[in-house]
Amino acid sequence: MYFQRKGSKEALFREISFRLNGEPVRVRVRSDQRLIDLLRDTLGLRGTKEGCGRGDCGSCTVILNGLAVTSCLVLAATVEGAEILTVESLFRNGSLDPLQEAFLEKGAVQCGYCTPGLLMSAKALLLENPHPSLEEIKIAVSGNLCRCTGYKKIFEAIQLAAER
């Protein structure tokens with residue numbers, strides 16, 4: 001339910017509940033608040049990066065109900081009841097995810113700004129298809145821009161993770 005102080009020009013607010021990286025979350029959000037802002041500013045998960053703010057670069061990619069989405073284009077209020085995974089979900093119990101290990105091993109990380117989005121796009125693919133073809137990998141990360149690596153090492157890293 002949305003609520004607003006009487007006579008106020010503030011944005012409307014709503015309480016929402018969802019699962020974030022496997023944990024239940026209940027939080028108050030503005031009706032115009034984006035998911036990326038909720039994750040970074042309200043919940044303190046700084047791994048998700050904002051690049052373009054228009055859904056073009058993929059830096060802010062998270063997994064929402066099993067699908068890779070650009071969190072700068074998702075209104076926070078719409079994730080009621082959803083399951084969200086951020087790049088922070090990959091590091092568990094003091095260990096890197098095999099995908100993160102493969103990115104490091106193959107040198108698929110340069111400046112690192114695009115890396116969280118690439119990892120989440122790749123993770124969404126591997127969750128759906130554990131053994132993708134090179135073409136399927138290329139399609140899965142086609143919404144992620146990287147200005148440093150040239151993609152070859154990224155593709156190799158995702159293939160290596162799929163083999164493990």
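This section describes the domains, salt bridges, surface patch and selected loop residues of a predicted model.

The domain assignment divides the protein chain into domain 1, covering residues 14-89, and domain 2, covering residues 91-163. Taken over C-alpha atoms, the centres of domain 1 and domain 2 are separated by 20 Å. The two domains are in contact, with 19 residues of domain 1 meeting 15 residues of domain 2. The size of an interface is often given as the accessible area lost when the parts come together. For domain 1 and domain 2, the area buried between them is about 1300 Å², and 56% of this area lies on carbon and sulfur atoms. Zero salt bridges are found across the interface of domain 1 and domain 2.

Side chains of opposite charge can pair when their charged atoms come close. The structure as a whole holds 10 salt bridges. One of these pairs joins Glu15 and Arg26, whose closest N and O atoms are 3.5 Å apart. Glu15 belongs to strand 2 (residues 13-20) and Arg26 to strand 3 (residues 23-30), so the salt bridge ties together parts of the chain that are 11 residues apart in sequence. The two partners fall into separate accessibility classes: Glu15 counts as partly exposed because its relative accessibility is 33%, a value between the limits of 20% and 50%, whereas Arg26 is exposed, with a relative accessible area of 57%.

A further salt bridge is formed by Arg164 and Glu105, with the closest N and O atoms 2.6 Å apart. This pair links distant parts of the chain, since Arg164 lies in the segment after helix 5 (152-163) and Glu105 in helix 2, 59 residues apart. Arg164 is partly exposed, with a relative accessible area of 48%. Glu105, at 52% relative accessibility, counts as exposed because this value is over the limit of 50%. In addition, Arg34, Asp37 and Glu50 are linked in a network of salt bridges.

The loop between helix 1 and strand 4 contains Arg54, and the side chain of Arg54 meets that of Asp56 in a salt bridge with an N to O distance of 3.1 Å. Arg54 is exposed, its relative accessible area being 58%, while Asp56 is partly exposed at 44%. Apart from neighbours within four places in sequence, Arg54 is in contact with Cys72 and Leu73. The C-alpha atoms of Arg54 and Thr70 are 8.7 Å apart in space, although these residues are 16 residues apart in sequence.

Thr48 is also found in the loop between helix 1 (35-42) and strand 4 (61-64). In contrast to the exposed Arg54, Thr48 counts as buried because its relative accessibility is 2%, which is under the limit of 20%. When residues up to four places away in sequence are not counted, Thr48 touches Ile36, Leu39, Arg40, Cys60, Val62, Ser71, Thr86, Val87 and Glu88. Among these contacts, Ile36, Leu39 and Arg40 fall within the bounds of helix 1 (35-42), and Val62 falls within those of strand 4 (61-64).

Two loop residues stand out by their backbone angles. Asn21 has a positive phi of about 50° although Asn21 is not a glycine. The loop between strand 2 and strand 3 holds Asn21, and these are the strands that carry Glu15 and Arg26, respectively. At 12% relative accessibility, Asn21 counts as buried. Asn65 likewise has a positive phi of about 50° without being a glycine. The position of Asn65 is in the loop between strand 4 and strand 5 (67-70).

On the surface, Phe91, Leu96, Leu104 and Val109 form a nonpolar patch. Together, these four residues have about 340 Å² of accessible area. One of them, Val109, is placed in the loop between helix 2 (98-106) and helix 3 (115-128). Val109 counts as partly exposed because its relative accessibility is 33%, between the limits of 20% and 50%.

How values were computed. Residues numbered from 1 in each chain as written. Predicted model: local features only at pLDDT ≥ 70, side-chain atom pairs only at ≥ 80, totals over all residues. Heavy atoms only, no water. Patch = residues over 30% accessible without salt bridge, like charges linked within 9 Å, V, L, I, M, F, W, Y side chains within 5 Å. Areas by Shrake-Rupley, 256 points an atom, 1.4 Å probe, with all protein chains shown as cover. Helix = DSSP H or I, 4+ residues; strand = E, 2+ residues; numbered from the N terminus. Buried < 20%, exposed > 50% of the residue type's maximum accessible area, 1.4 Å probe, protein only. Domains from an automatic or database assignment. Contact = heavy atoms within 4.5 Å. Buried area = accessible area lost by both parts, 1.4 Å probe.
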